[in-house]
Amino acid sequence: MAEAVPGLAPPLIDGNKTLGRITRDVCAPIERRPGAAWWAGLAVSLAALAAGTAAVSYQIAVGIGTWGVNNSVGWAFGITNFVFWIGIGHAGTLISAVLFLLRQRWRTSVNRAAEAMTLFAVMCAGIFPLIHVGRPWLAYWLAPYPNFRGPLWVNFRSPLAWDFFAVSTYFIISATFWYVGLIPDLATMRDRMRKGVRQRIAAFLSLGWDGSARTWQRYELVYLLLAGLATPLVFSVHTIVSWDFATAVIPGWHATIFAPYFVAGAIFSGMAMVLTLMLVARVVLQLQEYITIRHVDVMAKLVLATSGMVGLAYLTEFFTAMYSGNPYEEFVFLNRAMGPFAWAYWTMVGCNVGVPLLFWFRRVRQNLWLVFVLSLLVNVGMWFERFVIIVTSLHRDFLPSSWSGYTPTIIEVTTLIGTFGLFFTCYLLFCRFVPVIAIAEVKGAMMEDRHEREALAPAHAEEAVA
Amino acid sequence: MSRVYWLSLEQRDLAGSSGGAQPEFLEAAAGDPSRRDFLKLVGFSVAGAAAASCSPAPVRQEIPYVAQPEGIVPGDAVSYATTCGGCTAGCGLLVKTRDGRPIKVEGCPDHPISAGGVCSVGQAALLGLYDNLRFRSPSLGGAQTSWPEIDTALMARFDAIRQAGGAVRVLTPTVHSPTLRRGIAAFLASFGDGEHVEYDALSASAVLDAHEATHGVRAFPRYFFDRAEVVVSFDADFLGTWVSPAEYTRGYALRRRPEGGSARGWHAQIESRVSLAGGKADRRIALPPDEIAALAFDVAAIVEQGSGGSGLASELAQRLMAAPGRSIVLSGLQDLPAQVACNRINAALGNYGRTLDIAQPSNQRRGSDRAVARLLDDAAAGRIAALLVWHTNPVFDLPGGSAVSKVPLLVSLAERPDETSAAAHAVCPDHHAFESWADAEPVAGSYGLTQPLVRPLGDTRAFLETLAAWSGAPRPALDQVRETWRDTVCPVDHRGSDFEQFWAESVQTGYAAGDALAPAEVRARSAAELDAALMARPAVSADAIRLTLYHKPAILGGEHAYNPMLQELPDPISKVVWDNYACLGPTLAARLQLATGGVARIGTAAASLELPVLVQPGQDEQTVAIALGYGGQITERFQGFGHHWFRSRPTVGPNGRVGLNAAPLIVPDRGLLRRHAADVQIAAAGRTQPLACTQEHHTLSVPANLSFGPPAPRPIVQEISTAALAAAAPEADGGEAGAHAGGDLWAAHPMPGHRWGMAVDVDACTGCGACVVGCQVENNIPVVGKDEVGRNREMHWLRIDRYYMEDESGLHVANQPMFCQHCEHAPCETVCPVLATVHSSEGLNQQIYNRCVGTRYCANNCPYKVRRFNWFAYDHGEGTEQLASNPDVTIRSRGVMEKCTMCVQRIQEGKIAAKRRGEPLRDGEIQTACQQSCPAHAIVFGDLNDPSSEVSRLSGGRRAYKVLEELQVKPAVSYLKIVRDARPAATATEIAHHG
Amino acid sequence: MSRHLSVGLFDSDHDVLAAARAARSAGWPIVDVYSPHPIHGIDEAMGLPRSRLSLACLVGGIFGAAFILWFEIWTAAVDWPLNVGGKPFNSLPAFIPITFEMMVLFGGLSAVVALLVVARLRPGKAPPFSAAGVTDDRFALVLERTSAPMTAARVRAFLEAHRAVGIEERVVGGEDL
Amino acid sequence: MRHRVTTIFLLVAIAFTGSLLLVRAKGTHLPGNHQGYEPVQPIAYSHRLHAGELQIQCLYCHSNADKSRHAGVPAAATCMNCHRFITAPLGAVRAEEELAKAEGRPVRPVVSPELRKLYDALGLDASLQRDPARTPRAIAWTRVHSLPDFVYFDHRAHVGGGVTCQTCHGPVETMERVRQVSDLSMGWCVNCHRAGGANVAAPTRPLAPSSDCSTCHY
């Protein structure tokens, strides 16, 4: 084994793979019959999805009153889930686009899965703006289409209209990005598979890809362009989501820090989710040699860094509120920390600022079980962050007369569970039908890595190639 | 020129407006039975019929009149003047009817008693008219029957009683209708032993009895609060429920308005619980009921001596003695010594004839507790052969009232089922007040007319006609009323040929003045002449826990408990809906380890109840207060009320009714039904029963543990001291007016035409809730039930925020009507993605229901939290109840946001009317529903672009401020600061002398 | 007209790169190189010009931004001005977020569509070139024998010299491979 | 070859469907738009005859249009102002007169079957006298122009301002049976309002129609 080359990071891929081996390894999960774990996972996910579908159907049939929202707290679980899922999605784009621009080769092992996660998370997120409105069947009115009302257009000043454009753009660009990245792998599948429906689908979707160098050249340019566009996009989307709150007059929402704060939080939660999924996938799909300890370590460090940013945002928010001398602002933050929702606030702080501190220790970062548990806790914490921002700001605002509590109903909880069901259903199907690792990219990155290694340590490399 | 009020349909030709006869119509209106079907055609009704055809449009039918009556324009509303039948106060109403159905109750602005104010009960009477539960036909022995049959059956029984010489009683509340008094007298005259017994669920029998003792006349004085510089109320909630609150509120507000010019009144309230009047008082003292009686006695002693005393009694006496002839002392205690003490004070100060009048008394209370107690004794002993019960429910609201069921012939004349009608042998349902002719004499010499506004919805019959039929001389109610008016009401010089003119004018205005009465010589007896027992200082049972029973402004004695709108009107003080409860002071509650919602067992010698507790700041710490009027049988209708889904909770309590009946706790005591008791046992029952309250936090300050340093009250309700107001320079008020008038980031949109705005006087508002119900009726706002209110989803567009404030002068209550502020920089508008809420060119924040998709972003971003969302498809009534909807306001579907529109339908109507007239709109021509109903005149609507409008003057005045002005949202609604009277007694005296 | 092609299959990206460089320096026309992953430097080795697809992206992005900004201002301030929260009809700052989003959307989609057009990719199309393993672990260098010196044997020898693991000769018609 | 046939077949099918759609496009409306609705009425009342040929003013029958929000359908009694005397078309009356003269018998009253429905509704007997045995029954006309419940249209404001009936209702005086001419869409309303009254030919007062939402929606 050639990991310990002096002066070099350990290799990206363990086990001295040949190109053919990579193809076989990555395609193995989609070519063999799925195991019991997959079926069990799918069953659980589908059950959750079914429960969520039932909850949403009931809510749409009966009314939004089946949620716990009320006159003062008009948004709660629905928008919390929306922001949570959008945030989850951001890590995928970050890994695939930002790290691509930064030439972080290690991303190739995880970017396909992370992008898929983005796609599914945005799907989950996109459900909430639709179902949380009082008349979902009229949600299409948010789109500015020609009509017989004058025509009456939409209010482009509303952050919700911005959201509509931002989230749709985000979904379309993410899906495109994902699909473009998938084309060479679809071609690989097309050429490997036995004749059948799946092969025909792969053939149809691979667009006649033949690996021509001319196409590769253009392809790489477009991929770079997409990465270049997706990077500001990912920041803009969460910035706009944060403006849903920041442009409002409500104390606790009306804060200029929200955009960077939300973006950092989104990356933070997304990274944690990627870690969670990655750790499961590498075991279940037997990809330990592709998703190595090094990947986990790097990701954990990123989580640590973003946790610091989020923690700083919490402090800044508090400081600004106190320093402003605005009694309403001051109260909102004291109320968060000590009011009826203090438990949610301290869950958030504990999970998002306290728990990730453990990642300072290398031993923690390399203990996969611990990393798994901590990443889950970060996700819990980030869900609560959105809950705290939305609910605690609304439940006690300016006029004490309209202060109110909020208790979620079983419908809301089931809807949240349902989106997890949707997410994991999509994810499991993705693992089953699409290469979870970008084969072509991994090959390219591995070869480059190997060539660099050879240049630096020819002896070792000779040995390795042999 | 003053308003023209339309006459009733029948009297149309007498108005002189049109002489032409329209035979078809008059014939029909006269009630020709062969043309009863005409009713079905009345109204320009559009019936929607879903057609199961391939037609591109759903087939809707349009059904015109067969012959259109003259003077009726389909789609145009007309107002008819009438008198309210909600209680015995006799307020004047203008009822707006459209296409043959009443759709809104308004106050009659020129009425001598109420002057435009209507309380919540009056506003909600419309629902009573259309109530599906009303009796639709008479019934005998539980079986439906017809009027001829029941008349035959009952008259046979009456004949038998006449021959046997049996006793016949007619049990009613106070009857001040001269015609009805005649009718009852005529009916009873045919019996050897007939008696008309009056009793009031909200009894003020002690006031009448005390005047019998002190003045020799059993009369209820008429109070003139507008003339009173000093008011000392010993537990009389005269702004909330006591006798004639709309009338008293008007006078009280008039006297206290700083802009009014006269010296501002000073008011001390001594009470056990927190009442509306107590909340407004300058000085509020919490004492147990028996100590209040003792205090009244002490004050009387000091005032009669002219000096002496100490402590509280002396302080009050000083204030009173500084305003002789310009003060009112009153008590709501059902306690003779306390009432006698009040009379002595008023007499000693020379108030009789000035601020209160016993020579031309009020008729609003005539009931006698003694008489009804005797009636119950007789009934229990089987000494009564027949009992007619009209508009009262003795089985429900009298302790031992079930004795009436022992009467061999119990006849109920109720409008809808109650406990007494359930026990009755015959039910002969009366018309609703809006269906029949009647009259009223709420104050001696001042008369009101009640006229039918709609053809009776069921086969009911006016009580007047029923009595006439049973007296053997059936006559229409109209004839009876006209006869009375011709004989007695009409001033002597107008009787004869002038009568028709007098009658037409009276029908048009709804009221009339009779002959000027010669002031009766009523002399106060001296202390020496009084019974010694009345002159003894009332005993005080120290350290015992006392009970006081009270009434809520909307439910009163329970006769309005059928009405969902009134049940859902938050209690002005506790803000709780759909329940009664035991109010405990915070210390007492802590001692008993009870919190709001915990159930307590409360027992007296007579009865015991298990009620949820409400911790009430400001309440006397030795007194438990429980509201009467709850737990009636009629409230079983609310089982299943509200929107159903799998987690919905019932509106009724565990007993299947709304609240519990506390009437068994009333203490019959020496001829009075005492609503307070000593020696009450109270203990936690160990379970909870949540109350639905529209307000969770009750002060303007945040909780102390959520604040750095002592929490300062938020400047949402602002105060100004009398001194600052009197000071010449405006700087003196120390306010921050204009402090936030910063520059705008962008140019304002011009509003060249009208710019609508409002001014709300927080100082005048008593929190009674009339505006809330007025708004609800006008704007088709659904009633959502206890569960939804408990989830903070009440739908009221206008709510009254109540904040407690406490200082050395006791607990004060600030009532702030809060509704859409129509901000110029409305935060809600910017965030709506679909342009469902935008600004009008006249400054209105418009909400377009049909465009709304229901994101609720606007509600979140509203700093005032005044937007209301249709969480479910709320119920808007069924059957006849749907007729109560205002046809000018869209019924909102589920998933849609709604809020105050400043009654834009009225604005449109007013503008179109002005355009058709070809004249500009006059200030005050358009009145919003809340403004119209407010007895305190605390709400003013108008055009801010017109510098001479009342709203402009008030908004630019010294007291004006805007709520959350610093947000720069620029509300169109100004609030007027509360005036705090910081004058010490001496200064007050001086000011009073000036006045 | 038919074309005579020689296809050399290689095991390593190094080998195919070296072969391509050698072929180009020998002046032999390289039809294309096929590889399972992009090879660094192959475009230089083949002498491919820089792609101008970024221009499509730029044009698309500018169009998207300009169009939506015009549309926002037109709807809000020209077509039907409404007083929303007292804000000016043309609330330009509030229109920027959507302008940005539409720029990204149009830019990204234009680039992808341009790629599909230029590279002649379309759904369901059969791959123009196929050889065993070229999407797996093989690299193919395709040379066209256009002139006499390039006999099949010489090309074969050349390819073998560059460690080709398999060599085929193909005759294809017209534009086909 | 097979592919080519398929392609041609598909193209023809698409062209056929497309042309069908184009043809139908004029008659196809969005849901809620009932332009062209022309229901059969219980009595075959002809606006062409009454308003067109006989020149009866619209407001004679729809007399509330300038007084109320609703223009109103006339009460049956309104018809009797004329139809007390006119019971059948002139031609039918003349024919009966001539027939009677020819047969040498007194002229029988002629009542057209449509007017008979009116007399029935009013409960009149053959000699147009009130028949006490019959109950008058209103005529249930079928509504042609209807707006959704959340729109408040006020006839007073429009008629008073000089907007002619035809502006919205079209040339009713030429219609045998009334047809909805305008689409009654919001755009149709509001674009007239936004024109500031310029499209009212003869305004009776300076017009300043409001295009605020709350002009119609409340």
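Start with a long helix check: helix α9 of chain A (residues 293-324) has 32 residues, which at 1.5 Å a residue should span 46 Å, and its end C-alpha atoms are indeed 46 Å apart, so the two agree. Just past the end of α9(A), Gly325(A) takes a positive phi of about 75°. Keep in mind that this is a predicted model. As for how the chains meet, five pairs of them touch, and the pair with the most contacts is A and C.

**Chain A against chain C**
- This contact draws on 54 residues from chain A and 55 residues from chain C.
- On the chain A side, the elements giving two or more residues are α1 (19-31), α5 (159-192), α6 (197-205), α7 (213-246) and α15 (439-456).
- Which of these supplies the largest share of the chain A side? That would be α7(A), with 17 residues.
- Sorted by class, the chain A residues facing chain C come out as 30 nonpolar, 15 polar and nine charged.

**Chain D and its neighbours**
- Where chain D meets chain A, six residues of chain D are in contact with four residues of chain A.
- The chain D side of that contact splits into three nonpolar and three polar residues, with no charged ones.
- Chain C and chain D, on the other hand, do not touch, and their nearest C-alpha atoms are 9 Å apart.

**Domains in chains B and C**
- Chain B is carved into domain 1 (12-130), domain 2 (139-202 + 368-434 + 459-489), domain 3 (205-364), domain 4 (542-693) and domain 5 (714-733 + 752-980).
- Domain 1 of chain B puts eight residues into its contact with domain 2 of chain B, which puts in seven residues.
- Helix α3 (residues 120-130) of chain B gives the largest share of the domain 1 side, three residues.
- That domain 1 side holds four nonpolar and four polar residues, and no charged ones.
- Over in chain C, the assignment gives domain 1 (2-36 + 136-173) and domain 2 (53-118).
- Taken over C-alpha atoms, the centres of domain 1 and domain 2 of chain C sit 48 Å apart.

**A helix pair in chain B**
- The axes of helix α9 (residues 289-305) of chain B and helix α10 (residues 311-321) of chain B come within 9 Å and cross at roughly 50°.
- Why call the pair oblique? Because angles under 35 degrees count as roughly parallel and 65 to 115 as roughly perpendicular, that crossing makes α9(B) oblique to α10(B).
- The crossing of α9(B) past α10(B) is right-handed.
- From α9(B), the residues making the contact are Leu295(B), Asp298(B), Val299(B), Ile302(B) and Val303(B).
- From α10(B) come Leu312(B), Ala313(B), Ser314(B), Leu316(B), Ala317(B), Leu320(B) and Met321(B).
- The class tally for the α9(B) and α10(B) contact is ten nonpolar, one polar and one charged.

**Backbone spots to check**
- The peptide bond from Gly150(A) to Pro151(A) is cis, with omega near -10°.
- Pro151(A) sits in the loop between α4 (111-131) and α5 of chain A, and α5 is also among the elements on the side of chain A that touches chain C.
- Trp578(B) is not a glycine, yet has a positive phi of about 55°.
- Where is Trp578(B) placed? Look in the loop between β23 (576-577) and β24 (582-584) of chain B.

Key:
Residues numbered from 1 in each chain as written. Chains lettered and ligands numbered in written order. Predicted model: local features only at pLDDT ≥ 70, side-chain atom pairs only at ≥ 80, totals over all residues. Contact = placed C-beta atoms within 7 Å. Helix = DSSP H or I, 4+ residues; strand = E, 2+ residues; numbered from the N terminus. Nonpolar A, V, L, I, M, F, W, Y, C, P; charged D, E, K, R; others polar. Domains from an automatic or database assignment. Expected span 1.5 Å × (residues − 1). Axes fitted to C-alpha atoms, helices over the stretch in contact; angles between N-to-C directions. Parallel < 35°, antiparallel > 145°, perpendicular 65-115°, else oblique. Left-handed = near helix turned anticlockwise from the far one by under 90°.
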